[in-house]
Amino acid sequence: MLAWSKSIGRCTVSFISVLLTQLALFLVPLFFSASPILIQLTLSALVLVVVLGFGGWCKRLLGFNASAPAFVFCSIFFIWGVHIAIVRQAISPVMDVLFNVEMIMLIIGLFRIMLKDPGFVVSESFSLGKLNDNSVLGVQTHNESSLLQMRARYCKSCQTYVQGFDHHCPAFGNCIGQKNYVLFMVLLVGFITAEISYIVCSSQFTSKFRVLEENRVESGSILVMARSTLLFCVLQVLWQGPFLIWHVYCICFNIRTEEWVNWKNYPEFQLNASSLSGENYQETSFKNPHNKGVLQNVKEFLTLK
């Protein structure tokens, strides 16, 4: 019961945070509707940073905890609600059905990645006593299977080792590892696709808004809400796009984010060059022992088990 009450409290805080965030973004097109889209985007980004930063400070001050996955879910349902209540009035039935299907698939994907085992290492398979935060698995042979086993890394958030560990994703409340990396990429593409679809739909709504006004549809705040949610989705695409490109790069060269950032902690990624005569240091450079060529790397990614 205590765990349930804490979870409900964190979800409630996340719900309130989403409402406050969207309300703050609502003010940008309300007061700067005549400004160019770039100005509105810049102001929306600043407002988003200020609100999230101030909200985080208030939660720490008051001792409240929020749930990042709940924040994501609430944001999805908020955008979906605006689409159903406002935007769908001015778009084609095909676009409406397409967007609704995308949102349903997103929610299903979120539940799956939150519950799916990313590749947690169990003591029966590996000797965890030989590991520490910056070590690799204690495997002596360096054949193909042992190299795969050596890619188990320690996640401080989950306090366990994850095979093929890329990073811990707070938004999904789970690690991204060997067993859910493909699902993570599919879900990331799904988010970007759904956001672009909403941008197209809300753009059509704003362009046809004059026709809706002539038909005595309530205006004012409706148009502002459509524009503010459009700006929110554009901002999401602007950071998720480079994030997707980074992971495509990692897949093509068979490297994980954790390995790229902390490669100096993993001996198999270090290439020691001999120093010149009379000097007492060695130069350590990066090497990727897992890179088998782009085609083979992509094939290995698609066949991850």
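Just past the end of helix H8, Asn 254 takes up a positive phi of about 55 degrees. The model is a predicted one, and the helix that precedes this residue runs over residues 221-252. With its 32 residues, H8 reaches 46 Å from its first C-alpha to its last, close to the 46 Å expected at 1.5 Å a residue.

Stepping back to the whole chain, the protein has ten helices and six strands. Of its 305 residues, 42% count as buried. Among contacts with a separation of 6 or more, 64% come from residues 24 or more positions apart. The protein exposes about 17,100 Å², and carbon and sulfur atoms supply 65% of that area.

Back among the helices, Ser 202 sits in helix H6, which covers residues 181-207. Its relative accessible area is 0%, so Ser 202 counts as buried. What does the side chain of Ser 202 have within reach? A polar atom of that side chain lies 3.2 Å from the backbone oxygen of Ile 199. Leaving aside neighbours within four places in sequence, Ser 202 is in contact with Val 87, Ala 226 and Leu 230.

Ala 226 turns up again with Ile 86: the C-alpha atoms of these two residues are separated by 7.4 Å, although their positions lie 140 residues apart along the chain. Ile 86 belongs to the loop between helix H3 (68-85) and helix H4 (93-115). Loop residue or not, Ile 86 counts as buried because its relative accessibility is 11%, under the 20% cut-off. Residues up to four places away in sequence not counted, Ile 86 touches Phe 205, Ile 222 and Met 225. Helix H4 itself holds Leu 98, which is partly exposed at 41% relative accessibility. The C-alpha atoms of Leu 98 and Ala 194 are 9.1 Å apart, with a sequence separation of 96 residues.

Now for the charged side chains. The count of salt bridges comes to six. One of them pairs Arg 151 with Glu 259, at 2.7 Å from N to O. Arg 151 lies in the loop between helix H5 (144-149) and strand E1 (152-155), whereas Glu 259 lies in helix H9, so this pair ties together parts that are 108 residues apart in sequence. Both Arg 151 and Glu 259 are buried.

Another salt bridge links Arg 153 and Glu 268, whose closest N and O atoms are 2.8 Å apart. Here Arg 153 is in strand E1 and Glu 268 is in the loop between H9 and strand E5 (270-273), so the pair ties together parts that are 115 residues apart in sequence. Arg 153 counts as buried at 1% relative accessibility, and Glu 268 counts as buried at 8%. Salt bridges with shared partners join Arg 151, Arg 153, Glu 259 and Glu 268 into one network.

A further salt bridge joins Lys 292 to Glu 300, with 3.1 Å between the closest N and O atoms. Lys 292 is partly exposed, at 38% relative accessibility.

Finally, the surface. Which residues make the nonpolar patch of about 510 Å²? Tyr 249, Phe 253, Trp 260, Val 261, Phe 286 and Val 294 do. One of these, Val 261, is found in helix H9 (residues 257-261). Its relative accessibility is 57%, so Val 261 counts as exposed. Helix H9 thus holds both the exposed Val 261 and Glu 259, which is buried.

Technical notes:
Residues numbered from 1 in each chain as written. Predicted model: local features only at pLDDT ≥ 70, side-chain atom pairs only at ≥ 80, totals over all residues. Heavy atoms only, no water. Helix = DSSP H or I, 4+ residues; strand = E, 2+ residues; numbered from the N terminus. Buried < 20%, exposed > 50% of the residue type's maximum accessible area, 1.4 Å probe, protein only. Contact = heavy atoms within 4.5 Å. Areas by Shrake-Rupley, 256 points an atom, 1.4 Å probe, with all protein chains shown as cover. Polar contact = N/O pair within 3.5 Å; in protein donor to acceptor, adjacent residues only side chain to side chain. Patch = residues over 30% accessible without salt bridge, like charges linked within 9 Å, V, L, I, M, F, W, Y side chains within 5 Å. Salt bridge = Lys/Arg side-chain N within 4 Å of Asp/Glu carboxyl O. Expected span 1.5 Å × (residues − 1).
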